[in-house]
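User: Please take a close look at one single part of this model and explain, step by step, how it fits in with what surrounds it. I am new to this, so please give the meaning of each term as you go.

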Amino acid sequence: MSMRSLYLLTLLAAGGSAQAMSAGEYVARAGDCTACHTTPGGALLAGGMKFPTPLGNIYATNITPDKQQGIGAYSFDEFDRAMRQGIAKDGHRLYPAMPYTSYAKMNAEDMRALYDYLMKEVPAQNTVNRASDISWPLSMRWPLAIWNQLFHEDTPYQPDSSQSTEWNRGAYLVQGAGHCGSCHTPRGWAMQEKGLDSKDPAFLSGAELDGWYASGIRGLKQDDVVALLKTGRSQHAAVAGPMSEVVSHSTQYLTDGDLNAIATYLHSLAAEKPPAEKPVAMAVDNWQAGQRTYAMYCSTCHGNKGEGSDNTIPALAGNATVTAEDPLTALRVVLEGAHTPITQHATALAMPGYAWTLNDQQAADLMSYLRGSWGNQAAPVTAQQVKETRKLAEK
């Protein structure tokens with residue numbers, strides 16, 4: 001059975017909003033085009049979203065069918081080349097912040113469907129593209145040709161005959177249109193993803209990007225994956241930060257068949273177990289201060305033992321985000337607050353931030369308490385880490 005046939009079958013079986021979509025819009029949802037190419041309050045896919053890079057800021061382009069500012073003058077072959085090789089119609093190379101390294105794995109049918117959707121269903125917008133803030137000579141694009149030779153493979157996904165149809169569908173979505181590795185895979189010296197598929201243990205093992213830490217997603221429980229991608233929360237966990245937007249714009253619209261396929265694939269990936277850690281010792285004063293802060297601001301919702309509330313409030317005991325080697329995301333949630341995604345399947349819930357009332361040391365003591373209680377055994381957080389994290393919210 002082809003990937004395309006499987007897609008049509010899942011649409012017929014899933015029901016819900018997926019039936020109202022064209023095949024191309026479904027691919028656009030799976031690829032999360034809206035999140036990058038639509039600014040808050042802006043016209044659909046008209047570009048302008050800012051993306052910080054080590055070299056400077058770049059801005060997503062207009063991909064509506066407008067012939068002057070958008071992609072309306074692109075032939076299918078030119079569109080396909082941009083999506084698979086990162087080369088625009090006029091020949092200039094795209095920065096790999098546009099995840100053509102993943103989109104290259106899409107099959108021809110999905111690529112054609114996406115092209116037809118963008119050209120025929122999206123309203124044209126004459127929104128002028130914004131130039132990057134990268135100054136010369138770093139703004140020169142020709143080195144990207146060398147980057148592609150070193151790090152890019154433009155071969156469409158090839159099914160693994162030793163795996164099930166469902167596993168292959170999940171691998172195709174995760175590695176291809178879903179471009180999950182763009183956030184969840186660590187980067188190398190040239191900002192390349194250290195792994196592009198399940199053959200590399202670094203693939204989807206977790207990474208810091210744009211001021212957030214995307215946790216490793218290898219070996220996750222299947223039920224948790226489906227629930228998180230559909231509603232933004234599972235029995236004991238919830239998404240936060242940029243992942244909340246992914247659920248809102250993209251994964252909530254996937255069929256149950258595709259969500260289960262993604263879950264099957266991710267669950268099959270062996271997660272590297274971190275070395276066993278000894279309980280982290282904290283100064284008694286700091287421990288007690290963190291415990292008091294938890295009792296005052298957190299225990300009402302998260303429970304006296306960090307147990308949370310099933311399918312509503314995330315548990316803090318055993319929470320991978322809380323105990324991650326990099327505490328960045330959990331710390332940002334404490335300081336800035338968070339909300340679960342707005343979806344058609346569940347009501348959004350919000351948590352307030354406490355940057356306004358906790359100083360750096362108080363926030364550090366609280367985070368250290370969370371990371372060392374109820375069986376959690378992660379390293380303490382320092383006041384300096386809190387201070388640096390506050391600056392991210394100001395950008």
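Analyst: In helix H6, the residues Asp110, Met111, Ala113, Leu114, Tyr115, Tyr117, Leu118 and Met119 are buried, where buried means under 20% relative accessible area, exposed means over 50% and partly exposed lies in between, with a 1.4 Å probe and protein chains only. This is a predicted model, in which local features need pLDDT of at least 70 and side-chain atom pairs count only at pLDDT 80 or more, while totals for chains, interfaces and linings use all residues. Residues are numbered from 1 along each chain as its sequence is written, and side-chain values use heavy atoms, with hydrogens and water left out.

Helices (H or I, at least four residues) and strands (E, at least two) are DSSP runs numbered from the N terminus. H6 has 13 residues and spans 18 Å from its first C-alpha to its last, which is close to the expected 18 Å; that expectation is 1.5 Å times one less than the number of residues. At the start of H6, the backbone nitrogen of Glu109 lies within 3.2 Å of a side-chain oxygen of Asn107.

From here we can turn to the surroundings of the helix. The largest nonpolar core has 46 residues, and those that touch the most other members are Phe79, Met106, Leu114, Leu118, Ile262, Tyr265 and Leu266; such a core is a set of buried Ala, Val, Leu, Ile, Met, Phe, Trp, Tyr and Cys residues joined through side-chain atoms within 4.5 Å. Two or more residues each are given to this core by H2 (23-30), H4 (76-85), H6 (108-120), H8 (165-175), H10 (222-231) and H12 (256-268), and H6 provides the largest share, six residues. In soluble globular proteins, nonpolar side chains tend to be buried together.

Leu118 shows this part in detail: leaving out residues up to four places away in sequence, Leu118 touches Leu45, Ile63, Pro65, Ile71 and Phe79, a contact being heavy atoms within 4.5 Å. Apart from the largest core there is another core, of 18 residues, including Leu316, Leu335, Ala363 and Val386.

Finally, a word on confidence, since pLDDT is the predictor's confidence in each residue, from 0 to 100. The protein chain averages a pLDDT of 90, and 93% of the residues score at least 70, although over residues 1-19 the pLDDT is below 50, and this stretch has 33 contacts in the model beyond near neighbours in sequence.

Key:
A polar contact is a pair of N or O atoms within 3.5 Å; within protein, one must be able to donate a hydrogen and the other to accept it, and residues adjacent in sequence count only if both atoms are side-chain atoms.
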